[in-house]
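Reader: I should be grateful for a close look at a single part of this model, starting from one residue and its surroundings. Please then set that part in the context of the chain as a whole.

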Amino acid sequence: MPRWAAGPPAPAGGRPGWLLTGAVLAVLGTLLGVSIPENDRLGWADYPAWAAFGVLAALALFVGTVLSSARARDLQLAGAAGVLVFWVFIGLPMVTSNTGFCLTVGGLSAGAILYVSTSTGR
């Protein structure tokens, strides 16, 4: 592969910056999706267990992305899968709302990290 096609080198921590950006977007999207009130409804009040599950999964994704070890990668992949499960059960049914949009941003970010991490071994 030509050197120019390899893309920019990974930072000193060993993880590309866009992985960290995706993890931050997953956390922010999930947190905003369960925290923004819409039509007098709030995620933390309407589905508290699922809201906690989604936020914890997003945080696991973030921590797994920041750290660099085999266990951290497992944590990253489990967190990404958890955010996607949360999006399927909670975000997808309300995808046309503002909170659904935030959850979709989090789900898409987690899905991109899951796809790239499993296909490139990062």
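Author: Thr-99 is a suitable starting point: this residue is buried, with a relative accessible area of 6%. Here buried means under 20% relative accessible area, exposed means over 50%, and partly exposed lies in between, with a 1.4 Å probe and protein chains only. The model is predicted, so that local features need pLDDT of at least 70 and side-chain atom pairs count only at pLDDT 80 or more, whereas totals for chains, interfaces and linings use all residues. Residues are numbered from 1 along each chain as its sequence is written, and side-chain values use heavy atoms, with hydrogens and water left out.

Thr-99 belongs to helix α5. Helices (H or I, at least four residues) and strands (E, at least two) are DSSP runs, numbered from the N terminus. Leaving aside residues up to four places away in sequence, Thr-99 is in contact with Gly-33, Ile-36, Glu-38 and Met-94; contact means heavy atoms within 4.5 Å.

One of these partners, Ile-36, leads to the surface, as it belongs to a nonpolar patch together with Leu-20, Val-24, Leu-28, Leu-32, Val-63, Val-66, Leu-67 and Leu-75. Together these residues have about 680 Å² of accessible area, computed by the Shrake-Rupley method with a 1.4 Å probe, where for residues only the protein chains shown count as cover. Patches are made of residues with over 30% relative accessible area and no salt bridge, like charges being joined within 9 Å and nonpolar side chains (Val, Leu, Ile, Met, Phe, Trp, Tyr) within 5 Å. A salt bridge is a side-chain nitrogen of Lys or Arg within 4 Å of a carboxyl oxygen of Asp or Glu. Helices α1 and α3 each supply at least two residues of the patch, and α1 gives the most, with four. Leu-32 lies in α1 and is partly exposed, with a relative accessible area of 42%.

In the interior, the largest nonpolar core has 11 residues: Leu-19, Ala-23, Ala-26, Val-27, Ala-57, Ala-58, Leu-61, Ala-80, Val-83, Ala-110 and Ile-113. A nonpolar core is a set of buried Ala, Val, Leu, Ile, Met, Phe, Trp, Tyr and Cys residues joined through side-chain atoms within 4.5 Å. Two or more residues of this core come from each of α1 (17-35), α3, α4 (70-91) and α5 (98-120), and the largest share, four residues, comes from α1. Apart from this core lies another, of seven residues, among them Tyr-47, Ala-51, Phe-86 and Leu-103.

Helix α3 (residues 48-66) has 19 residues and reaches 27 Å from its first C-alpha to its last, close to the expected 27 Å, which is 1.5 Å times one less than the number of residues. The buried residues of α3 include Ala-57, Ala-60, Leu-61 and Thr-65. Across from α3, Gly-79 of helix α4 is buried, with a relative accessible area of 2%. Gly-79 touches Ala-57, Ala-60 and Leu-61, residues up to four places away in sequence not being counted. On the same basis, Ala-57 touches Gly-82 and Val-83 as well as Gly-79.

As for the whole chain, there are five helices and zero strands. Of its 122 residues, 38% count as buried. Among contacts between residues at least 6 apart in sequence, 68% join residues at least 24 apart. The accessible surface comes to about 7000 Å², of which 70% belongs to carbon and sulfur atoms.
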